[in-house]
Amino acid sequence: MNLLDLKEILQILEERDITEFEMEQGGVKLRVCRGAGRAPALAQAPVVVTQIPAGAPVGAAVANALPAQPASADAPAPPSTEPAAAEGTLVRSPIVGTFYRSPDPNSPSFVSVGDTVKVGQVLCIIEAMKLMNEIESELAGEVVKVYPENGQPVQYGDPLFTIRTA
Amino acid sequence: MFKKVLIANRGEIALRVMWACKELGLKTVAVYSEADANGLHVRFADEAVCIGPPRNIESYLNIPAIISAAEITGADAIHPGYGFLSESAYLAEICEACNIKFIGPGPQAIRLMGDKSRAKKAMIKAGVPVVPGSPGVLDDEEKAVKVARDIGFPVILKASAGGGGRGMRIVREAQDLAQNFRAAQAEAQAAFGVPDVYVEKYVAGPRHIEIQVMADSKGNVVHLGERECSIQRRHQKIIEEAPSLAVPEKLRRRMGRTAVEAAAAVQYVNAGTIEFLLDKDGNYYFMEMNTRIQVEHGVTELVTGRDLVKEQIHVAAGEALSFSQKDVTFSGHALECRINAEDPWNFTPSPGTIRHFFQPGGPGVRVDTFAHEGCEISPYYDSMIAKLMTHGRTRAEAIARMKRSLDVMVVEGIKTNIPLHRKILDDPDFVAGRFDTGYMERFLPQKKATAAS
């Protein structure tokens, strides 16, 4: 691949506002991430279920799942800022409900920053319709960050934890 | 009165409900799937909760997510709109259990009218005329022949598990019945998995006339006149109007009275619509009842001057109807064209981004839409992007207003059925009111031929 090809690819990516692109050709692997730090790589988030329409390229699915335009001034403010992907893997809320860090008010938190967690370990509870849903980790690693406050309402897709895998 | 209403829907109806809530000073909560994160209903609501990924079953049909969203925002009422969960007796029940008011009828009425067989039986009991037919599924062709002779030919054989126009056979002569019955059973088995077939009188050249009703929790029931919905393709309505040219004042009073009796018989509360088939001789037959606010409610609002969605909210809040039957008056004529994101001639959906958008306006024009420039019309949802309504002192004026509105309505970036509407409004048969439910079937082949040439 020569410089002209690269320029052309970058131009196309910019025109179509594609944030992530990967290709392999002639023994060369090219990976482009535009706007680094703006949004985490959705593909690595273990808990989110992102439906990819049949036949649609993966790029399209990502575009559908995350709004391409910035939110307007009138839009309700998102509950927490998007974390950078570099720290680890983002665990997002799979349901709507109220976030609790411990099994009950008198018990210690399920996990704290710095703890190492195993696959299947309960990270938190999200209460929905009077049911306490235990959210299990799909990763093994170190808890680097906790996002919601105890008792804070969360919506589908809201960041819960960042876990740094070994 | 409620403090906060959660609108369990999207698109134009979510906005419609929101306008009513804002006028009443109620706070609004929008729920949305990830595909609708930039939707206008999200941006204009006081609060918004993302409830799931784009697929309906994981978002707009996801009862736990919706109830949970109501809980975390403290909403005390849920308006389900139309489609989605609007006729879910289950959602209505869960709302009751969670102390959230479902803005609509009670679960029993929803369940009863949702079961076509039970609904028909309830209507017969209430003395409402129904399409004569077999009391239930027919086991054998002898029974079918007997029932058909009693009803009188022509008859129509229908698959019990069918719907949307599928699994139906018209039989005009007695000698053809046995063979058609056997064939209908085989088709039903193949298409729907059950060979259950029943017989009904075939109403030739019928019109689809529906009556809007509104009932409160104190036993008051009123009707707000009819809507003419015969312009449909494969049982999807395309153009609706009020009043109907085929319904003179006396017939309106009779049908209205019947609709009120039907609603009262099932202890109905809130907004509902009774659908009838009207034959050429002025006989009408109950078809089904829709236990929700409908897409085409706007044409009734235009001719009666009443806000049906605000009335729904008042009724749900326990108030008496704000008007009685004698207060219901009709003025002028209203039309509605459903603007869909589809090819105007072959009806294939046309999702995409709207690059340029202009809404018509001026006297007698009402547009209910969520579409705007830059709006993403996604393939996940219904193709209807706007309801273009006009009102005039006469039908001719309403038609003239509709034509000039369609001519200036700009939707670029996707295909729409605006050209189809334009052709229909030029058609002498439509203008003269010479149509029935078979209209589109006759109209389309000619128009497609012209468009292709």
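Let us begin where strand S17 of chain B, residues 365–369, meets strand S19 of the same chain: five bridges join the two, and they run antiparallel. Keep in mind as you look that this is a predicted model. You can trace the pairing residue by residue. Val367(B) has Leu388(B) as its bridge partner in S19(B), and Val365(B) is partnered in S19(B) by Thr390(B).

Now turn to S19(B) and its pairing with strand S14 of chain B, which covers residues 333–340. Eight bridges connect S14(B) with S19(B), and this pair also runs antiparallel. To find one place where they meet, look for His333(B), which stands opposite Gly392(B) in S19(B).

How many of the nine residues of S19(B) are buried? Eight of them are, so the strand, which spans residues 384–392 of chain B, is largely enclosed by the rest of the structure. To be called buried here, a residue needs 20 or more other C-beta atoms within 10 Å of its own.

Let us step back and see the whole sheet. The strands belong to an open sheet of eight strands in chain B, ordered S13-S12-S9-S10-S11-S14-S19-S17, with antiparallel pairing. Its edge strands are S13, residues 284–290, and S17, each of which pairs on one side only. On average, neighbouring strands of this sheet are turned by 25 degrees against each other, with direction ignored. While you have strands in view, here is a handy rule: in a regular strand, side chains alternate between the two faces of the sheet.

From strands we move on to a pair of helices in chain B. The axes of H7(B) and H8(B), the latter made of residues 177–192, come within 9 Å and cross at roughly 120 degrees. Are these two helices parallel or oblique to each other? Angles from 65 to 115 degrees count as roughly perpendicular and those over 145 as roughly antiparallel, so H7(B) and H8(B) are oblique. Their crossing is right-handed. On the H7(B) side the contact is made by Glu141(B), Ala144(B), Val145(B) and Ala148(B), while H8(B) brings Leu177(B), Ala178(B), Phe181(B) and Arg182(B). Sorted by class, the contact has six nonpolar residues, two charged ones and no polar ones.

Follow the chain past H7(B), residues 141–151, and you come to the loop that leads to strand S6(B), residues 155–163; Pro154(B) sits in this loop. The peptide bond from Phe153(B) to Pro154(B) is cis, with omega near 0 degrees. Chain B has another cis bond to look for, from Ala242(B) to Pro243(B), with omega near -5 degrees. Pro243(B) is found in the loop between strand S11(B), residues 236–242, and helix H9(B), residues 249–265.

Our last stop is a look at backbone angles. Gln267(B) is not a glycine, yet its phi is positive, at about 50 degrees. You will find Gln267(B) in the loop between H9(B) and strand S12(B), residues 270–278. Because Gln267(B) has 15 C-beta neighbours inside 10 Å, it counts as partly exposed.

In chain A, Lys130(A) is also not a glycine and has a positive phi of about 65 degrees. Lys130(A) lies in the loop between strand S6, residues 122–128, and strand S7, residues 131–136, of chain A. Is Lys130(A) buried or exposed? With 10 other C-beta atoms within 10 Å, Lys130(A) is exposed, since a count of 12 or fewer earns that label.

Definitions and conventions
Residues are numbered from 1 along each chain as its sequence is written. Chains are lettered from A and ligands numbered from 1 in the order in which they are written. This is a predicted model: local features need pLDDT of at least 70, side-chain atom pairs count only at pLDDT 80 or more; totals for chains, interfaces and linings use all residues. Helices (H or I, at least four residues) and strands (E, at least two) are DSSP runs, numbered from the N terminus. Two strands pair if DSSP finds at least two bridges between them. Axes are lines fitted to C-alpha atoms, for helices over the stretch in contact, and angles run from 0 to 180 degrees between N-to-C directions. Angles under 35 degrees count as roughly parallel, over 145 as roughly antiparallel, 65 to 115 as roughly perpendicular and the rest as oblique. A crossing is left-handed if the near helix is turned anticlockwise from the far one by less than a right angle, and right-handed if clockwise. Two residues are in contact if their C-beta atoms, placed from the backbone, lie within 7 Å. Ala, Val, Leu, Ile, Met, Phe, Trp, Tyr, Cys and Pro count as nonpolar, Asp, Glu, Lys and Arg as charged, and the others, Gly among them, as polar.
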